[in-house]
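This report covers the secondary structure, the burial and a few backbone features of one protein. The sequence and structure come first.

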Amino acid sequence: MNSLSEAVKRAMVRAVAVAAVALAVSATAPSAVVGHDRTATTATSADHVRPCPHEPLRDLYGSENRTMRTQRRVVALTFNAAWDVGGITRVLGVLRRYHAPATFFLTGDFADRHPAAARAIAEAGHGIGNHSYSHPHFETLKPGRRAAEVLRADHAIRAATGTVPLPFFRFPYGDTTPQQIAEVNALGFADIEWTTDTKGYLGPAGGMTVPKVIQRALDALRPGEIIQMHVGFHGQDAVLDADALPQLIDTLHAHGYQIAALPDRQMRRSESDRGERRTIAAHGCLCGM
């Protein structure tokens, strides 16, 4: 009886989320943009496309996914991009020099304000995930507004990069609830969080240093660790995650770990799913079948 009850609950959450999406993307929903006075408008449903929930992706549904599911000695480097681009050039340069992959979680607002940076990330071959449009606290929003945040970000990222982003969503501030995870799952996204945050975004003013950034990554070191960093933070001159990145990679290598792309074998979409897509109503999904 309990299993039936849980199944009914999950079905109801999905139905509510899908209905909320249809309503949210069919109307204009102004939303304050972090650090800016301008507002963002909601795109129509025809502007939005989202990934198909293939079986490997479904395995990630219903969970925060704070590590990669592997026993290999690999870690994933991820960078959130929500504010400025202070460290983006250095981060991309270091990753290129070390031939290291990374995944960047962009807000839609960041993509709109910094399309050249967003495209540079895509052109460098790194994965791109969704970090909402305006980086709000999701618990303060109703389901329709949460859905609009996800889908508007998806639209902005596609427009800026000219690519299809990964079907991965990372909640602003890492604030997740089972219902909110179910909502983004219903939109076709798996929730990907982190094993540890280096806290480099706090900068020297927040008591952080390069050695502390590296130590936070090492304190959580394990197979499949997902490290969260940032490419900038509200115009601070010091971008400690960019400063620490070369030494961090060297240190991980010294501990016998390699850098792996976030979509490890348990997190990878098929190439056919990447190549065959069509735009349909927001309550549908994209299938290259």
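In this predicted model, the protein contains 10 helices and 10 strands. Of its 289 residues, 53% are buried. The protein exposes about 12,500 Å², and carbon and sulfur atoms supply 55% of that area. Among contacts with a separation of 6 or more, 77% are between residues 24 or more positions apart.

**Helix α6**

Helix α6 covers residues 143–161. What span should its 19 residues have at 1.5 Å a residue, and how far apart are its end C-alpha atoms? The expected span is 27 Å and the end C-alpha atoms are 27 Å apart, so the two values agree. The expected value is 1.5 Å times one less than the number of residues.

Is α6 largely enclosed by the rest of the structure or largely open? Buried residues account for 14 of its 19, and α6 is therefore largely enclosed by the rest of the structure. An α-helix has 3.6 residues a turn, so residues three or four places apart point the same way. After α6 comes G162, which has a positive phi near 70°.

**Positive phi outside glycine**

Most residues other than glycine have a negative phi. N65 is not a glycine, yet its phi is positive, about 55°. K199 is likewise not a glycine and has a positive phi of about 65°. The loop that holds N65 runs between α2 (55–58) and β3 (74–81). K199 sits in the loop between β8 (196–197) and α8 (210–219).

Which class of burial does each of these loop residues fall into? N65 has a relative accessibility of 4% and counts as buried, because the cut-off for that class is under 20%. K199 has a relative accessible area of 27%, so K199 is partly exposed, a class that ends where exposed begins, over 50%.

**G256 and R73**

G256 lies in the loop between α9 (240–254) and β10 (258–259). With a relative accessible area of 37%, G256 is partly exposed. Its C-alpha atom is 7.0 Å from that of R73, although the two residues are 183 residues apart in sequence.

The table lists the loop residues with their relative accessible areas.

| Residue | Loop | Relative accessible area |
|---|---|---|
| N65 | between α2 (55–58) and β3 (74–81) | 4%, buried |
| K199 | between β8 (196–197) and α8 (210–219) | 27%, partly exposed |
| G256 | between α9 (240–254) and β10 (258–259) | 37%, partly exposed |

Conventions:
Residues numbered from 1 in each chain as written. Predicted model: local features only at pLDDT ≥ 70, side-chain atom pairs only at ≥ 80, totals over all residues. Heavy atoms only, no water. Helix = DSSP H or I, 4+ residues; strand = E, 2+ residues; numbered from the N terminus. Buried < 20%, exposed > 50% of the residue type's maximum accessible area, 1.4 Å probe, protein only. Contact = heavy atoms within 4.5 Å. Areas by Shrake-Rupley, 256 points an atom, 1.4 Å probe, with all protein chains shown as cover.
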